[in-house]
Amino acid sequence: MAAVETCDVVVVGAGFGGPVAARRCAEAGLETIILERSRVPGEKVVSGLVIPFYGFTFGPDFIREGNPPIERPICRVVNRFIRGGEIYATDSTLRVPKPLALGYSAYCKPFCTWLADRAVEAGAELRTSTTAVEPILEKGAVKGVITDRGDEIRCRVLIDAGGTQNRLAIQAGLRRKYLPEALELYMLWDFEMAKEDVDQTFGLSMEFFHALPEEGIGAPLGYGSTLYIFTYRESIHPGLGQFLVTRGEIPNLAKLLPQYFENFQNKVTRWKRDIAPKVKLRATTWDVCPIYAGLIPETRNMPIFGDGILIIGDAAGFEASAFGDGVPSAWFSAELAAEVAVEAVRRGDSSPSVLREYEKKVREHPYITWIITDWRRWDLRKVLVSGDERELRRMIRDHWGVGAFRYRYSGRPLAKAVREALRRDPHAPLKWMEMFTRYFRNWEENRFDPLSVS
């Protein structure tokens, strides 16, 4: 017989955003339940990624002050330009001295488990292997969810952190499926590599390989990601992505992405000489992200709240359009949603007039709207028309090179975020430096907080 229960807040999804929202709600004394369809948090997320530093410095206090399982600090971004399989130019202007970092590479499964552990530690209840299959609707208001077991979990506020493919907000009549033009399908290759080889070959860097389409080692410019290599403690991830619609057509990505990488392996001397002899393929994985959701008005203008529901992270289209690093926005939006949920429960009112405050907070946030409307990757399409390699190098330098300091790292969003942080805590810079130093020491000593599930 199906069960019926009630609580204050249900959070759907224990990826990067859900546990952050759940922890904040639980800390405020709200009875909070997290529903996660996987057996272990993070299992359904792409296997690894690089999280930019501003997610840590301006995100949740407990992450900045904790010891999450990072894999490698990234202090340098190297851009390599390929012609005929050879590197004809290199740009590595985007760099910082250690122990500072531009970001941290991490495997999703342990990091999401660590986040979920912190939510449970604060009093939230985590239920894994449980899928929220549809919302409970009463006169258009969301009153909870029905699980795959047929159980009803009724709540005052539902926080949808279910990601790109979650249907709850669609079933609630708030949102529609993302347009294929906004979605990028990724393929990642997970290679084992001894730590000393990663250290010697890459150091504390990640690499991007850029080429015009005729080289056949990546998607047409602006219609996908350039081929990149993320580096971890004892592994590397080459990765490629392409949009589901490219130049108005639907490409066969299951064929094209492996073909691009095979061409890269066969053509590029850097791979054949310096990397291939030291690696062993362990796994391949796929993921899909709403990279251009913020650039397309139809998706950007979809609601992010409704009667009894708040939508965060990828489910709300908060993916960085130029870089694909949506984790900071998941953390930022999770905290904002939790603040509004706590206030709604305390007031006993989760109507749109109260939950609308979430949208206001999102629009005022230094980073969220800024990074989802960054056109620089889209603008790479101009190079397709010109075929100008000098223009390609200029645009890449402005995107993944020193120009990123102006736009993302030291531009308007960072300045605003710093001002707000200093207003709240004049000692914030000292805490940031302590975090960088501690994270680097943790990496050197391979010492992090223990996880509830290995």
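The radius of gyration of this protein chain, taken over C-alpha atoms, is 22 Å, and because a compact globule with 454 residues would have a value near 22 Å, the two agree. The globule rule behind that statement is 2.2 Å times the number of residues to the power 0.38. Along its principal axes, the C-alpha trace spans about 65 × 50 × 45 Å.

Before going on, I should say that this is a predicted model, in which local features need pLDDT of at least 70 and side-chain atom pairs count only at pLDDT 80 or more, while totals for chains, interfaces and linings use all residues. Residues are numbered from 1 along each chain as its sequence is written, and side-chain values use heavy atoms, with hydrogens and water left out.

The secondary structure comes to 18 helices and 18 strands, which are DSSP runs numbered from the N terminus, helices being H or I with at least four residues and strands being E with at least two. If we take contacts, meaning heavy atoms within 4.5 Å, at a separation of 6 or more, then 75% of them are between residues 24 or more positions apart.

Let me turn to the interior. Buried residues, those under 20% relative accessible area with a 1.4 Å probe and protein chains only, make up 59% of the 454 residues. A nonpolar core is a set of buried Ala, Val, Leu, Ile, Met, Phe, Trp, Tyr and Cys residues joined through side-chain atoms within 4.5 Å. The largest such core has 93 residues, and Phe 16, Phe 111, Trp 331 and Tyr 358 are the ones that touch the most other members. Helix α10, residues 327-347, gives this core its largest share, with 13 residues. Another core lies apart from it and holds 33 residues, including Val 77, Phe 230, Leu 380 and Met 395.

Finally, some details of the backbone, found in loops. Where is Pro 99 placed? Pro 99 sits in the loop between β6 (86-95) and β7 (103-107), and the peptide bond that leads to Pro 99 from Lys 98 is cis, with omega near 10 degrees. Ser 129, in the loop between β8 (125-127) and β9 (132-138), has a positive phi, near 50 degrees, although the residue is not glycine. Ser 129 is partly exposed, with a relative accessible area of 35%, where partly exposed means between the buried limit of 20% and the exposed limit of 50%. Arg 247, in the loop between β15 (235-243) and α7 (253-267), likewise has a positive phi, near 55 degrees.
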